[in-house]
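Student: Hi! I have a structure open and would like to talk it through with you. Could we take it bit by bit?

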Amino acid sequence: MARNSKLEARKIRHRTLRKRLAGTAARPRLVVFRSARHIYVQVIDDLAQKTLVAASDMPAKADRAAASKTVRKTERAKEVGIAIAKKCLEKGISMVVFDRAGFKYHGRISAVAAGAREAGLQF
């Protein structure tokens, strides 16, 4: 029996989760992707197949030199959660379905959710 790599196993878990989760116009899907260095968040309407709002912890090209490397990744993830919630509320989105994309609800993934909840987004 062949063993799956970590990436393949995560993709299988994500497919399993996606069978149960779907974003609509009234309640879009908030997807979190975590790489080794950064975290990316999108709010997606699956029925229209559109990304409504997106945010990440990557600074703009002009700000990269000034960006401090001392901020911890979990703190940056929480800031991304707050940023995505503010963008959603500006667009009139107050309720979302949280999609952890096969990652454990732990560390940076839970920090994004906590930041979004703090800023007023409902899951």
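Student: Which side chain of opposite charge is nearest to Arg108, and how far away is it?

Tutor: That is Asp57, 5.6 Å away, and Arg108 has no salt bridge although it is buried. A salt bridge here is a side-chain nitrogen of Lys or Arg within 4 Å of a carboxyl oxygen of Asp or Glu. Buried means under 20% relative accessible area, exposed is over 50% and partly exposed is in between, with a 1.4 Å probe and protein chains only. For charge, Lys and Arg count as positive and Asp and Glu as negative, while His and the chain ends are not counted.

Student: Before I go on, what kind of model is this?

Tutor: It is a predicted model: local features need pLDDT of at least 70, side-chain atom pairs count only at pLDDT 80 or more, and totals for chains, interfaces and linings use all residues. Residues are numbered from 1 along each chain as its sequence is written, and side-chain values use heavy atoms, with hydrogens and water left out.

Student: Thanks. Where is Arg108 found, and what is it in contact with?

Tutor: Arg108 is in helix H3, residues 108–118. Helices (H or I, at least four residues) and strands (E, at least two) are DSSP runs, numbered from the N terminus. Contact means heavy atoms within 4.5 Å. Leaving aside neighbours within four places in sequence, the contacts of Arg108 include Arg34, His38, Lys73, Thr74 and Ala77.

Student: Thr74 caught my eye. Which residues does Thr74 touch?

Tutor: Not counting residues up to four places away in sequence, Thr74 touches Gly107, Arg108 and Ala111. Thr74 is found in helix H2 and is partly exposed, with a relative accessible area of 37%. Its C-alpha atom is separated by 8.2 Å from that of Val112, 38 residues apart along the chain.

Student: Back to H3. Which residues in H3 are buried, and what do they pack against?

Tutor: The buried ones are Arg108, Ile109, Ala111, Val112, Ala113, Gly115 and Ala116. They pack against strands S1 (29–34), S2 (39–45) and S4 (97–99), and against helix H2 (73–90). As background, an α-helix has 3.6 residues a turn, so residues three or four places apart point the same way.

Student: What follows H3?

Tutor: Gly120 does, and its phi is positive, near 110°.

Student: New topic: how many salt bridges are there?

Tutor: The count comes to five. One of them joins Arg18 and Asp46, with the closest N and O atoms 3.6 Å apart. That pair links distant parts of the chain, with Arg18 in helix H1 (residues 6–20) and Asp46 in the loop between S2 and S3, 28 residues apart.

Student: What else forms a salt bridge with Asp46?

Tutor: Arg29 does, with the closest N and O atoms 2.8 Å apart. Arg29 lies in strand S1 and Asp46 in the loop between S2 and S3, so the pair ties together parts that are 17 residues apart in sequence. Both Arg29 and Asp46 are buried, whereas Arg18 counts as partly exposed at 29% relative accessibility. Arg18, Arg29, Asp46 and Asp99 are linked in a network of salt bridges.

Student: And which residue does Lys78 pair with?

Tutor: Lys78 forms a salt bridge with Glu118, the closest N and O atoms being 2.8 Å apart. Lys78 is in helix H2 and Glu118 in helix H3, so the pair ties together parts that are 40 residues apart in sequence. Glu118 is exposed, with a relative accessible area of 54%, while Lys78 is partly exposed at 30%.

Student: How do S2 and S3 pair?

Tutor: S2 and strand S3 (residues 50–56) pair in the antiparallel sense over six bridges; two strands pair if DSSP finds at least two bridges between them. The bridge partner of Gln42 in S3 is Ala54. The two strands form a hairpin with four residues between them, and Gln49 in the turn has a positive phi of about 55°.

Student: Last one: how many aromatic pairs are there?

Tutor: There are four aromatic pairs. Phe98 and Tyr105 have ring centres 6.0 Å apart and planes at 90°, so this pair is edge-to-face. Rings of Phe, Tyr and Trp (its six-membered ring) pair if their centres lie within 6.5 Å; planes under 30 degrees apart count as stacked, over 60 as edge-to-face and the rest as tilted. Phe98 is buried at 16% relative accessible area, and Tyr105 is partly exposed at 42%. Phe33, Tyr40 and Phe103 form one aromatic cluster.
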